[in-house]
Amino acid sequence: PDSARPPTTIMATLAQVVDTGVSTAAQLEALCAAKPTAVFFWAAWHEPSKGQMTQVFDALAGQFGAQANFVKLEAETVPEISAKHGVSVVPTFLFLKAGGELMAKIEGADAPGVAAKLQALVASGAQGAPATSAPAAGAGSQASEPDAAMSLNDRLARLVSSAPVMLFMKGDPSNPRCKFSRQIVELLGEEKIPYGSFDILQDEEVRAGLKVYSDWQTYPQLYAQGELIGGIDVVKDMQAEDESLAVQLGLADATTTDSSGSAAMNVIVDVTQRCKHLMKRSKVILFMKGNPDEPRCGFSRKCVALLQEEKVAFDSFDILTDEEVRQKLKELSEWPTYPQLYVDGELVGGLDVIQELKDSG
């Protein structure tokens, strides 16, 4: 869910739902033996984990506390648990299936990602629950599996289309975690190919699901315009072709020639298409100056505060990092200022509109 229940409902249930008494790995294992468990690592010195993400976690606990355990741990006070699960930054969220298997791990203040993973975790618990003799309960359990699969497929479809060229790899471009990922990063760099990336080591659900979605069993995987290109061997073969890699990936054409008679590429990466991808990247996304942790203008700061106050889970994009997007989005939305809030790809408005919506209830 992208908006939480009213605060009064949440606060009435939190004391019963969020567990802050776990202090050892054995206690955590016992807790998640029979029930899915979400674990939130925070630090008192880190304001976003102490403030915004605590509100998000508490809101989700109020909504899903009957279906999953919620554990909140101050990372530095539980070194055994932190070391076992490789927790080195805050906030970090672990999503453990019933039995203790890690389903996903999120590092950073990614409220939409946490909400999505929580929904998937709850669905995994429903699928794994033993069947009962009651017909209605049995029917509900059967229905949850295709619903969860559909939700994952929808998420994968958005991910592979989130940039004109998307690389799913181990690690990130600045720190590849396997030699094949390193090779493809170097190749794309040589060819000056702009691309987005996704670290599949940070999300086991995506890592496993994308293999089925793409019918491609290894990583890295490269996508262009939402379609699978292949792995490192395929991309190497494409690089060896006479036609440039940029042309083959749909990022450029070679219809003109330069003064020497050689084909001259005309980059046609469409900023309009990029904006449309961004607008639909998450159910709720805020285009702002800076980011929720460090807003760079008073209006963005107020807008973030309003959304957090209402416990709305949202994604964000810093328009100061991309001048093309900054200018084109104003044109597409016919809204000349920032911040701009979008829901399901549609413009809601700026700070004044959000304030009016809040005041009107």
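# Exercises on a predicted model

The side chains of D203 and K117 form a salt bridge, with 2.6 Å between N and O. The model is predicted, and the exercises below begin with this pair.

## Exercise 1. The salt bridge network

Task: Determine where D203 and K117 lie along the chain, and which residues are joined with them into one network by shared salt bridge partners.

Solution.

Step 1. Locate the D203–K117 pair. D203 sits in the loop between β9 (196-199) and α9 (204-214), while K117 belongs to helix α6 (residues 111-128); with their positions 86 residues apart, the pair links distant parts of the chain. Both D203 and K117 are buried.

Step 2. Look for a further partner of D203. The side chains of R155 and D203 also meet in a salt bridge, at 2.9 Å from N to O. R155 is placed in helix α7 (residues 135-160) and D203 in the loop between β9 and α9, so that this pair again links distant parts of the chain, 48 residues apart. R155 and D203 are both buried.

Step 3. Look for a further partner of R155. E205 forms a salt bridge with R155, and the closest N and O atoms are 3.6 Å apart. This distance satisfies the cut-off of 4 Å for a salt bridge. Because E205 lies in helix α9 and R155 in helix α7, the pair ties together parts that are 50 residues apart in sequence.

Step 4. Assign the burial class of E205 and R155. The relative accessible area of E205 is 18%, so E205 is buried. R155 likewise counts as buried, because its relative accessibility is 18%.

Step 5. Join the pairs. Through shared partners, the salt bridges connect K117, R155, D203 and E205 into one network. In total, the structure holds 10 salt bridges.

## Exercise 2. Cysteines

Task: State how many disulfides a search of the whole structure finds, and explain why C303 has no bond to the closest cysteine sulfur.

Solution.

Step 1. Take the count. The search of the whole structure finds 0 disulfides.

Step 2. Examine C303. Its closest cysteine sulfur is that of C297, and the separation of 9.3 Å is too far for a bond. For comparison with the criterion, a disulfide requires two cysteine sulfur atoms within 2.5 Å.

Step 3. Add the accessibility. C303 is buried, as its relative accessible area is 0%. C178 also counts as buried, at 16% relative accessibility.

## Exercise 3. A charged surface patch

Task: Identify which residues gather in a patch of negative charge on the surface, and decide whether E241 counts as buried, partly exposed or exposed.

Solution.

Step 1. List the members. The patch of negative charge consists of D233, D237, E241, D242 and E243.

Step 2. Place E241. This residue is found in the loop between α10 (232-239) and α11 (245-248).

Step 3. Classify E241. Because its relative accessibility is 49%, E241 counts as partly exposed; the exposed class would require over 50%.

## Exercise 4. Backbone geometry

Task: Find which peptide bond ending at P220 is cis, and which sign phi takes at D215.

Solution.

Step 1. Recall the usual case. Most residues other than glycine have a negative phi, and most peptide bonds are trans.

Step 2. Inspect the prolines. Y219 and P220 are joined by a cis peptide bond with omega of about 10°, and P220 is found in the loop between α9 and β10 (221-224). The peptide bond from Y338 to P339 is cis as well, omega being near 10°; P339 is placed in the loop between α14 (323-333) and β18 (340-343).

Step 3. Inspect phi. D215 has a positive phi, near 55°, and lies in the loop between α9 and β10. With a relative accessible area of 66%, D215 is exposed. K311 also has a positive phi, near 60°, and is found in the loop between α13 (298-309) and β17 (315-318).

## Exercise 5. Contacts across the sequence

Task: Give the distance that separates the C-alpha atoms of E309 and Q52, and those of E191 and A246.

Solution.

Step 1. Consider E309, which lies in helix α13 and is partly exposed, with a relative accessible area of 46%. Its C-alpha atom is separated by 8.9 Å from that of Q52, although the two are 257 residues apart along the chain.

Step 2. Consider E191, found in the loop between α8 (179-190) and β9. E191 is partly exposed, its relative accessible area being 29%. The C-alpha atoms of E191 and A246 are separated by 7.5 Å, with their positions 55 residues apart along the chain.

Note on methods
Residues are numbered from 1 along each chain as its sequence is written. This is a predicted model: local features need pLDDT of at least 70, side-chain atom pairs count only at pLDDT 80 or more; totals for chains, interfaces and linings use all residues. Side-chain values use heavy atoms; hydrogens and water are left out. Patches are made of residues with over 30% relative accessible area and no salt bridge: like charges are joined within 9 Å, nonpolar side chains (Val, Leu, Ile, Met, Phe, Trp, Tyr) within 5 Å. Accessible areas come from the Shrake-Rupley method with a 1.4 Å probe; for residues, only the protein chains shown count as cover. Lys and Arg count as positive and Asp and Glu as negative; His and the chain ends are not counted. The place of a charge is taken as NZ of Lys, CZ of Arg, CG of Asp or CD of Glu. Helices (H or I, at least four residues) and strands (E, at least two) are DSSP runs, numbered from the N terminus. Buried means under 20% relative accessible area, exposed over 50%, partly exposed in between (1.4 Å probe, protein chains only).
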